Amino acid sequence: MERTPDLLPSIKTPVLGFKSVEDHVVPAECTDFILEKIGSVKKKAISLYNSYHVASMDNDKEKIVNITHQYIQQNQAGSLSFV
């Protein structure tokens with residue numbers, strides 16, 4: 001975690017960040033910090049209002065799947081990488 005802030009500017013691929021506004025484990029501000037520091041030109045934050053920490057298994061899971069699918073479709077210029 002100590003090295004993460006230094007690495008963020010080197011990420012240039014499109015980034016989609018989800019943040020649960022009611023997450024009691026990781027504050028939503030962490031997603032804001034990451035997207036602010038990340039080197040990608042294409043970046044987007046999605047606020048989730050109906051889920052908690054593990055949002056992908058909570059009430060917003062279908063929303064996450066649908067928005068992620070749309071984002072990938074819009075940004076698949078052959079430059080996507082998954083880490």
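A residue counts as partly exposed when its relative accessible area lies between the buried class, under 20%, and the exposed class, over 50%. Keep that in mind as you click through this predicted model.

**Stop 1: two strands and a helix**

Start by selecting strand 1, residues 15-20, together with strand 2, residues 43-48. The two strands pair in the parallel sense, over six bridges. To see one place where they meet, show glycine 17: standing opposite is alanine 45 in strand 2. Now trace the chain between the strands. The path leaves strand 1, passes through helix 2 and arrives at strand 2, a β-α-β crossover that is right-handed.

**Stop 2: a salt bridge between strand and helix**

Side chains of opposite charge can pair when their charged atoms come close. How many salt bridges does a search of the whole structure find? There are two.

For one of them, select lysine 19 and aspartate 32, whose closest N and O atoms are 2.5 Å apart. Because lysine 19 belongs to strand 1 and aspartate 32 to helix 2, this pair ties together parts that are 13 residues apart in sequence. Is lysine 19 buried or exposed? Lysine 19 has a relative accessible area of 13%, so it is buried. Aspartate 32, at 34%, is partly exposed.

**Stop 3: a salt bridge between Glu36 and Lys37**

Next, select glutamate 36 and lysine 37. They form a salt bridge too, with their closest N and O atoms 3.8 Å apart. Colour the two by accessibility: glutamate 36 is exposed, with a relative accessible area of 58%, whereas lysine 37 is partly exposed, with a value of 36%.

**Stop 4: the second largest pocket**

Switch to a surface view for the last stop. Rolling a probe the size of a water molecule over the atoms shows where empty space is left. The second largest pocket holds about 300 Å³ of space. Its lining is made of 19 residues, and those closest to the centre are Gly17, Phe18, Lys19, Val26 and Thr31. You have already met two of these names, Gly17 opposite alanine 45 and Lys19 in its salt bridge with aspartate 32.

Which elements give two or more residues to this lining? They are strand 1 and helix 2, residues 29-37. Strand 1 supplies the largest share, with six residues. Colour the lining by class and you will find 12 nonpolar residues, five polar and two charged.

Definitions and conventions. Residues are numbered from 1 along each chain as its sequence is written. This is a predicted model: local features need pLDDT of at least 70, side-chain atom pairs count only at pLDDT 80 or more; totals for chains, interfaces and linings use all residues. Side-chain values use heavy atoms; hydrogens and water are left out. On a 1 Å grid over the protein atoms alone, a cavity is a set of points where a 1.4 Å probe fits but cannot get out, and a pocket is an open set with protein on both sides within 12 Å along at least five of seven lines; lining residues have an atom within 4 Å of a point. Grid points are joined across faces, edges and corners, and a volume is the space filled by probe spheres set on the points. Helices (H or I, at least four residues) and strands (E, at least two) are DSSP runs, numbered from the N terminus. Ala, Val, Leu, Ile, Met, Phe, Trp, Tyr, Cys and Pro count as nonpolar, Asp, Glu, Lys and Arg as charged, and the others, Gly among them, as polar. Two strands pair if DSSP finds at least two bridges between them. A crossover is right-handed if, with the strands pointing away from the viewer, the path from the first strand over the helix to the second runs clockwise. A salt bridge is a side-chain nitrogen of Lys or Arg within 4 Å of a carboxyl oxygen of Asp or Glu. Buried means under 20% relative accessible area, exposed over 50%, partly exposed in between (1.4 Å probe, protein chains only).
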